[in-house]
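Student: Please take a close look at a single part of this model, one charged side chain and its surroundings, and set it in the context of the fold.

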Amino acid sequence: SILDDPPTDCGGKCTKGRLFDGALSYAGGGPNSRDNQLFFVHNMADQPIGHELWEVPIGNVTTGMGVINALYGGYGETVDQVQIFQ
């Protein structure tokens, strides 16, 4: 496991404890639970991503966000983090 990083305001990009489109972060299921799963924030809308201790951005897309936006999202799958960690 990778220990959690301290909270950040993402250089002014994070608001109300939420990540921004293009942010790169580790996925986790509890304090100090980060491991080998990473995700890009994509079409975030009002998703509550970034309010947990383990959801601190480690990078962000600076160019090429169109590539991230072009990824196929029509599978309709959702991630159940509790089930993943059981």
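Tutor: The protein chain in this predicted model has 2 helices and 3 strands, and along the sequence these elements follow the pattern β-β-β-α-α. The strands form an open sheet with the order β2-β1-β3 and antiparallel pairing. Because β2 and β3 (57-60) stand at the edges, each with a single partner strand, one side of each is left without a neighbour in the sheet. Neighbouring strands of this sheet are turned by 25° against each other on average, with direction ignored. Between β1 and β2 the antiparallel pairing runs over 3 bridges, and leucine 24 has phenylalanine 40 in β2 as its bridge partner.

The side chain to examine is that of arginine 34, a residue found in the loop between β1 (23-26) and β2 (38-40). Although this residue sits in a loop, arginine 34 counts as buried, because its relative accessible area is 1% and the limit for buried is under 20%. For the chain as a whole, 27% of the 86 residues count as buried.

What, then, surrounds the side chain of arginine 34? With its neighbours within four places in sequence left aside, arginine 34 is in contact with Ser1, Ile2, Leu3, Asp4, Asp5, Tyr26, Ala27, Trp54 and Val56. Among these, leucine 3 offers its backbone oxygen, which lies 2.3 Å from a polar atom of the arginine 34 side chain. Aspartate 5 takes part through its side chain, which is joined to that of arginine 34 by a polar contact of 3.2 Å.

That second pairing is also a salt bridge, with 3.2 Å from N to O between the side chains of aspartate 5 and arginine 34. It links distant parts of the chain, since aspartate 5 belongs to the segment before β1 and arginine 34 to the loop between β1 and β2, 29 residues apart. Side chains of opposite charge can pair when their charged atoms come close. The count of salt bridges comes to 1. The two partners are covered to differing extents: aspartate 5 counts as partly exposed because its relative accessibility is 33%, whereas arginine 34, at 1%, counts as buried.

For the wider setting, among contacts between residues at least 6 apart in sequence, 64% join residues at least 24 apart. The protein chain exposes about 6,100 Å², of which carbon and sulfur atoms supply 53%.

How values were computed. Residues are numbered from 1 along each chain as its sequence is written. This is a predicted model: local features need pLDDT of at least 70, side-chain atom pairs count only at pLDDT 80 or more; totals for chains, interfaces and linings use all residues. Side-chain values use heavy atoms; hydrogens and water are left out. Helices (H or I, at least four residues) and strands (E, at least two) are DSSP runs, numbered from the N terminus. Buried means under 20% relative accessible area, exposed over 50%, partly exposed in between (1.4 Å probe, protein chains only). A polar contact is a pair of N or O atoms within 3.5 Å; within protein, one must be able to donate a hydrogen and the other to accept it, and residues adjacent in sequence count only if both atoms are side-chain atoms. Contact means heavy atoms within 4.5 Å. Two strands pair if DSSP finds at least two bridges between them. Axes are lines fitted to C-alpha atoms, for helices over the stretch in contact, and angles run from 0 to 180 degrees between N-to-C directions. A salt bridge is a side-chain nitrogen of Lys or Arg within 4 Å of a carboxyl oxygen of Asp or Glu. Accessible areas come from the Shrake-Rupley method with a 1.4 Å probe; for residues, only the protein chains shown count as cover.
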